[in-house]
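User: Please take a close look at a single part of this model, one acidic residue and its surroundings, and then set it against the packing found elsewhere in the chain.

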Amino acid sequence: MNLTMRQTILISLFFLFVQGIKGQTQSISRDSISVFFDEIKITSEKNTKLWDKEIYGPTILIDPKTRVLFANEPDEAGILKSDGNVYTGILPEKINIANTAIDWNGKRWAMIMLPLPNDKSDRVNLLGHESFHRIQPALGFTLNNDENNHLDQKEGRIYLRLELEALKNAIGSSSEKELQEHLVNAMTFRKYRNTLYKNSAGTENLLELNEGIAEFTGLILSGRNKKQTRSYFLNGIDGFLKNPTFVRSFAYYTTSVYGYLLYNKDKDWNKKISAKTDLTNYFIQAFNIKISADLKKAVEKISGQYNAQSIIKEESEREEQTKKRIAEYKLKFIDQPHFEIQFVKMNVSFDPRNIMPVEDKGTVYPAIRVTDVWGILTVENGALMSPKWDKISISNPIKIESKKISGDGWILELTDDYKIMKDERSGNYTLIKN
């Protein structure tokens, strides 16, 4: 995936969104919106030294159902209308809604979906995370969203889970000696996992530098005390482990834990890293961790401390179920007639919690929204994204109505310049320009 395409990808981080709004009854009013803006502004001002840069800036809070948005300042195109100290408008259909950062109407904005969490710490955490993404390029951090498909495989999941169990124990440690032991074990599981899958250390590091550092920033801005932070991590990791996949969301719970524990020792550690930093080795050196030369023997020795037998049993059962699902996806999107759409200048949002890697064929996204020069594709029942992110495959059309095409769980709204065409020999559909 080239840099230009990477920069157009918007990832809807719904797992944080859902986690934050359980039992949500919050109404959306101009006054409450003003309070939300003030909360992140005040905590940002208190934590300017975190990045030696103002974290708070242009921010959009948006209702995903109506596309009504609330901004803390005007846009340069003059589209947003003043309503007291809040600016309002409607987000254009061509822009995907997500918890992310976007360049729009002359400014770079942090975008966060409404309603926000009821709990103030959770709310500021989320706002701080996306505000970091807004300033991320200015800090020199490349925008990367590389997938870690090995974390959907049995061994990858086992050793990530063991690393997270060790981190849970580290967070709950009652002494420095105990903390150090669990950190050593966590990194041992990580290092061993990376020996099992070629290039996995690099792809994991890219996501941790992107989402992990953003989550660390949100965590520090949240203002939680030690007890609250411990509870937040323990509950967060337990909730994360219930997700269907770890491929795109693990960094929220690894980097933020290591980062928080190191922040307690060195308040400036994050300012010493760059887009080229190997965070694993950085944390190993910072915590003075000694890793055994015989990783396999080491993990065999320590795994029993972290419920390994139960984890291995669960992952073995999951692997069998996964094989069946992959076979079904290959039949649906590859072997039998399907609809293949090439990207020109795409923008995409999706839920990262339940994606499914399909060997070397790409990744299935159960729910995804794509905008491009050819129109808008909304999928609610699965689509196969190619490994190079240059095309997407869906099931064949069922209903064709001029510029509105629909199929099994998807709708395609075409612009006037494009139409669909069927290859009578293969039965596949494609998209062509008039």
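**A buried aspartate and the cores**

Analyst: In this predicted model, Asp 372 belongs to strand E11, which covers residues 368-372. Asp 372 is buried and yet takes part in no salt bridge, since the nearest side chain of opposite charge, that of Lys 345, is 8.7 Å away, whereas a salt bridge would need a side-chain nitrogen of Lys or Arg within 4 Å of a carboxyl oxygen. Lys 345 nevertheless offers a polar partner through its backbone, for the side chain of Asp 372 reaches the backbone nitrogen of Lys 345 at 2.8 Å. Leaving aside neighbours within four places in sequence, the residues in contact with Asp 372 are Phe 343, Val 344, Lys 345 and Met 346.

Turning to the nonpolar packing, the largest core holds 76 residues, of which Leu 61, Leu 183, Leu 261, Trp 269 and Phe 283 touch the most other members. A second, separate core has 27 residues, among them Ile 355, Val 370, Leu 377 and Trp 410.

Phe 283 lies in helix H10 (residues 279-286), where Leu 279, Thr 280, Tyr 282 and Ile 284 are buried along with it. The cover over these buried residues includes helices H6 (176-196), H7 (200-222) and H9 (251-263), and Phe 283 itself, residues up to four places away not being counted, touches Met 187, Thr 255, Tyr 258, Gly 259, Leu 262, Trp 269 and Ile 289. At the N-terminal end of H10, Asp 278 acts as a cap, with a side-chain oxygen 3.1 Å from the backbone nitrogen of Thr 280, while Asn 288, which follows the helix, has a positive phi near 55°.

Conventions:
Residues numbered from 1 in each chain as written. Predicted model: local features only at pLDDT ≥ 70, side-chain atom pairs only at ≥ 80, totals over all residues. Heavy atoms only, no water. Core = buried A, V, L, I, M, F, W, Y, C linked by side-chain atoms within 4.5 Å. Buried < 20%, exposed > 50% of the residue type's maximum accessible area, 1.4 Å probe, protein only. Contact = heavy atoms within 4.5 Å. Helix = DSSP H or I, 4+ residues; strand = E, 2+ residues; numbered from the N terminus. Lys, Arg positive; Asp, Glu negative; His and termini not counted. Polar contact = N/O pair within 3.5 Å; in protein donor to acceptor, adjacent residues only side chain to side chain.
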